[in-house]
Each structure stands twice: as structure tokens, then as C-alpha cells.
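Hi there,

Here is the structure I promised to pass on. Have a look at it first, and then read my notes below.

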Amino acid sequence: MKRTTLFLLAITFSTFAFAESGYFKMSYHGYNFYLPEAPKASGFLGSENDTIILKYGEDPGEGLVGFSVESEMATDGCDPEEFFKEVLGKTEKGCDRLAVESFQHVFVEDRDVGVWSGEDHNFYYFVGDPKTTVFFATRDSDKKILKVDTNFLTKKTLKRLFKEYLH
């Protein structure tokens, strides 16, 4: 309960303290994201995936942005960067074929896919209608995979979330 209360206070404070031309800066797992201002609601699910959801829409399930840690993503021991490159067909590093094909089936088919590269990070995007997902590997020793999901942000607006890490 204490963790949830602190999160909600931090989100509320950051909305006002870091507001900038229609966006506010939110920190999640040591990374800064620039989100549209004035979400209607926010919540922390408290799961082992540290899931945070911001809601912008009026109706249930509308206008959502979610952040989570993919601690159990099935890369079958393949380095996350190599896994995503193989999923996009950019390399053949020998990642488990079934894991790659399963991921492609869920995230690549009928979507605009690619990578936004920055100095230290690659952001692998899978833009679809209505659901869009971006994955990236952290640079810490655990190489966690962070995931951002949305069902309303455009590709251009979504890219702005990561502006601090892209050039």
C-alpha cells in the first residue's frame, strides 16, 4: 500500500513539476519517458513486473499506456538485443527458432516494425492497430527487458516518449 501511495504521489507531482509543452517526464526503472500531460487516472499493479498504467481515455480500455518489466520473456537464453534483431530479420545469431517465430507471430504480423536507435539503446517497435508495443533492453547487469504498450499513441507520439535516448 505504501509503495502504491508513493507512486501515485510521484506521478501527480511529476505531472506538474516537469510539464513541458503538453508533456510530462515520468521516471520508470531509472529511465525518463515523456508522456502526454493530464492522464485521467494512473495505477500501479504491484506485480513482479512492476506494471504501471496511465489512462487517458473516457471509456474502459481506451487511451492506455502501460510500462512493465518482461522478466520472463522467452528469449531462451539469447541476448535480448540479438533476439530482437533476429525477430526483425536483421541477423541470424542462432536464437531459438521457436521463440523467434512465436514472437514474430504475436508482434510482427500485420504491424509496422523497426528499431529506433540511440547512443546507448535500441528501441524495437511493433506498431499495430489498435495495440502498439516497444521493447528495449536495459544496460544494467541484469539486462532486463522493458516494455511499453499503448492503444492510442501514434508512432510519432510514441517515439517522443524516448526522446532523451534518441538523436
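**What I found**

At 14% relative accessibility, Cys78 counts as buried. Its partner is Cys95, and the two form a disulfide with their sulfur atoms 1.8 Å apart. Cys78 sits in the loop between β5 (64-69) and α2 (80-87), while Cys95 belongs to the loop between α2 and α3 (97-107), so the bond ties together parts that are 17 residues apart in sequence. Cys95 is buried as well, with a relative accessible area of 6%. The structure holds one disulfide, so this pair is it. Please keep in mind that this is a predicted model.

Now for the overall layout. The protein chain has four helices and nine strands, and along the sequence they follow the pattern α-β-β-β-β-β-α-α-β-β-β-β-α. Of its 167 residues, 45% count as buried. Looking at contacts in the chain with a separation of 6 or more, 41% come from residues 24 or more positions apart. The accessible surface of the chain comes to about 9000 Å², and carbon and sulfur atoms hold 52% of that.

You may also like the charged pairs: the structure holds six salt bridges. Three of them are worth a stop on your tour.

- **Lys40 and Glu58.** These side chains meet in a salt bridge, at 3.2 Å from N to O. Lys40 is in the loop between β2 (31-36) and β3 (41-44), and Glu58 is in the loop between β4 (52-55) and β5, so to speak 18 residues apart. Glu58 is exposed, its relative accessible area being 59%.
- **Glu70 and Lys147.** Here the closest N and O atoms are 3.6 Å apart. The pair links the loop between β5 and α2, home of Glu70, to strand β9 (residues 145-150), where Lys147 lies, across 77 residues. Both residues are buried. Glu70 and Lys147 also join Asp149 in a network of salt bridges.
- **Lys155 and Asp112.** This salt bridge has an N to O distance of 2.8 Å. It connects helix α4 (residues 155-161), which holds Lys155, with strand β6 (residues 112-117), which holds Asp112, and the two residues are 43 apart. Lys155 counts as partly exposed at 30% relative accessibility, and Asp112 is likewise partly exposed, at 33%.

Which residues would I open up on screen to begin with? Glu70, Lys147 and Asp149, linked in their network of salt bridges.

Best wishes

How values were computed
Residues numbered from 1 in each chain as written. Predicted model: local features only at pLDDT ≥ 70, side-chain atom pairs only at ≥ 80, totals over all residues. Heavy atoms only, no water. Disulfide = S-S within 2.5 Å. Buried < 20%, exposed > 50% of the residue type's maximum accessible area, 1.4 Å probe, protein only. Contact = heavy atoms within 4.5 Å. Areas by Shrake-Rupley, 256 points an atom, 1.4 Å probe, with all protein chains shown as cover. Salt bridge = Lys/Arg side-chain N within 4 Å of Asp/Glu carboxyl O.
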